[in-house]
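Student: I've got a model open and I'd like to talk through what holds it together. Can we go step by step?

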Amino acid sequence: MDDPDKLHPDEWKILGIVFLVLVMTFTFLNNDFNTPTGKVTSVVNVTRGAIEECDFEVYEGMNLISYHCINGFAPIQLLFANITDSIDYTYSYFETDIDPWKVYNPHLPSYVVQDLNLIEDRRGLWIFMAQNESMYYNGTRSLRTSIDLKQGWNLIGYPTLNDETIDDALSSIDGDYNIVIAYRNPDDTWQTGGPEGDGSLDYITKDRGYWIYMNKDSTLSLI
């Protein structure tokens with residue numbers, strides 16, 4: 001007859017397995033695991049993208065801008081945090097939507113549902129200012145390498161680090177667009193380039209927005 005105070009061999013096996021699991025768990029939690037070939041350390045690093053600043057002037061009246069210092073999307077309230085009181089309203093154009101115009105007004109009551117809540121690095125943005133301000137945002141460098149463009153009007157940004165001549169910047173869609181339009185404040189001037197432009201727009205720059213009319217769907221490769 002088995003002694004009730006003694007463990008059965010199978011019970012010893014179970015205890016051994018439990019002990020082994022506990023030892024391995026403790027070892028992995030400390031990131032060290034000794035193997036016959038040496039010590040293996042498991043480390044997970046989460047790295048933020050390269051820091052990039054947007055720092056430019058916006059002027060009383062209308063401004064056509066874009067952000068190269070966001071990688072993908074950013075909340076509009078965050079981007080406008082330092083100039084909210086000076087903004088009248090802002091809007092953008094989403095060419096594939098049935099209702100393409102999206103508007104944000106920081107002075108409306110909180111219960112009003114606004115349809116422009118996120119700003120994308122690929123989009124241009126109209127912003128109407130009550131007074132001159134310095135726009136500043138410390139964000140993350142855009143990693144976008146291309147922008148899909150639809151036939152008709154598109155309102156885009158150019159989220160790169162370098163300013164480029166219009167011919168170089170738009171070389172990947174040569175023949176697919178008719179005209180590019182920019183607005184400059186405080187000069188209150190319109191500039192155009194491309195096959196149907198007047199040649200007054202020489203450069204595409206990272207902090208500006210641009211209207212571009214496409215004669216077909218195409219993809220703009222960013223330099």
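Student: How many salt bridges does the structure hold?
Tutor: Start with the chemistry: side chains of opposite charge can pair when their charged atoms come close. The cut-off here is a side-chain nitrogen of Lys or Arg within 4 Å of a carboxyl oxygen of Asp or Glu. This is a predicted model, where local features need pLDDT of at least 70, side-chain atom pairs count only at pLDDT 80 or more, and totals for chains, interfaces and linings use all residues. Residues are numbered from 1 along each chain as its sequence is written, side-chain values use heavy atoms, and hydrogens and water are left out. By that count, the salt bridges in the structure number seven.

Student: Take the pair Arg141 and Glu52: how far apart in sequence are the parts they tie together?
Tutor: Their side chains meet in a salt bridge, N to O 3.3 Å. Arg141 sits in the loop between strand 10 (133-140) and strand 11 (146-149), while Glu52 is in strand 3 (residues 51-58), so the parts tied together are separated in sequence by 89 residues. Strands here are DSSP runs (E, at least two residues), helices are runs of H or I with at least four, and both are numbered from the N terminus.

Student: And is Glu52 buried or exposed?
Tutor: The scale first: buried means under 20% relative accessible area, exposed over 50%, and partly exposed in between (1.4 Å probe, protein chains only). Arg141 has 32%, so that residue is partly exposed. Glu52 comes in at 12%, which means buried.

Student: Which residue forms a salt bridge with Glu120?
Tutor: Glu120 is in strand 8, and its partner lies in the loop between strand 10 and strand 11, 24 residues apart. Glu120 has 12% relative accessibility and so counts as buried, whereas the partner is partly exposed at 26%. The closest N and O atoms are 3.1 Å apart, and the partner is Arg144.

Student: Where does Arg123 fit in, and what does it pair with in a salt bridge?
Tutor: Arg123 is in the loop between strand 8 and strand 9, and at 8% relative accessible area it is buried. One of its polar contacts (a pair of N or O atoms within 3.5 Å; within protein, one must be able to donate a hydrogen and the other to accept it, and residues adjacent in sequence count only if both atoms are side-chain atoms) puts a polar side-chain atom 3.2 Å from the backbone oxygen of Tyr93. Its salt bridge, at 3.2 Å from N to O, is with Glu95.

Student: Which residues do the shared salt bridges join into one network?
Tutor: Arg144 and Glu120 pair up, and Arg123 and Glu95 do too. Salt bridges that share partners put these residues in one network, whose members are Glu95, Glu120, Asp121, Arg122, Arg123 and Arg144.

Student: What is the relative accessible area of Asp121?
Tutor: Asp121 lies in the loop between strand 8 and strand 9. Among the residues it touches (contact means heavy atoms within 4.5 Å) are Tyr67, Ile70, Ser142 and Pro159, not counting residues up to four places away in sequence. Its side chain also makes a polar contact of 2.9 Å with the side chain of Arg144. Asp121 is buried, with a relative accessible area of 1%.

Student: Which cysteine is joined to Cys54 by a disulfide?
Tutor: The structure holds one disulfide (a pair of cysteine sulfur atoms within 2.5 Å). Cys54 is buried at 0% relative accessibility, and its partner is buried at 1%. The torsion about the S-S bond is about -120°, so the disulfide is left-handed. The sulfurs are 2.0 Å apart, and the partner is Cys69.

Student: Zooming out, what percentage of the residues count as buried?
Tutor: The protein has three helices and 18 strands. Of the contacts with a separation of 6 or more, 73% are between residues 24 or more positions apart. Across the 223 residues, the buried share is 40%.
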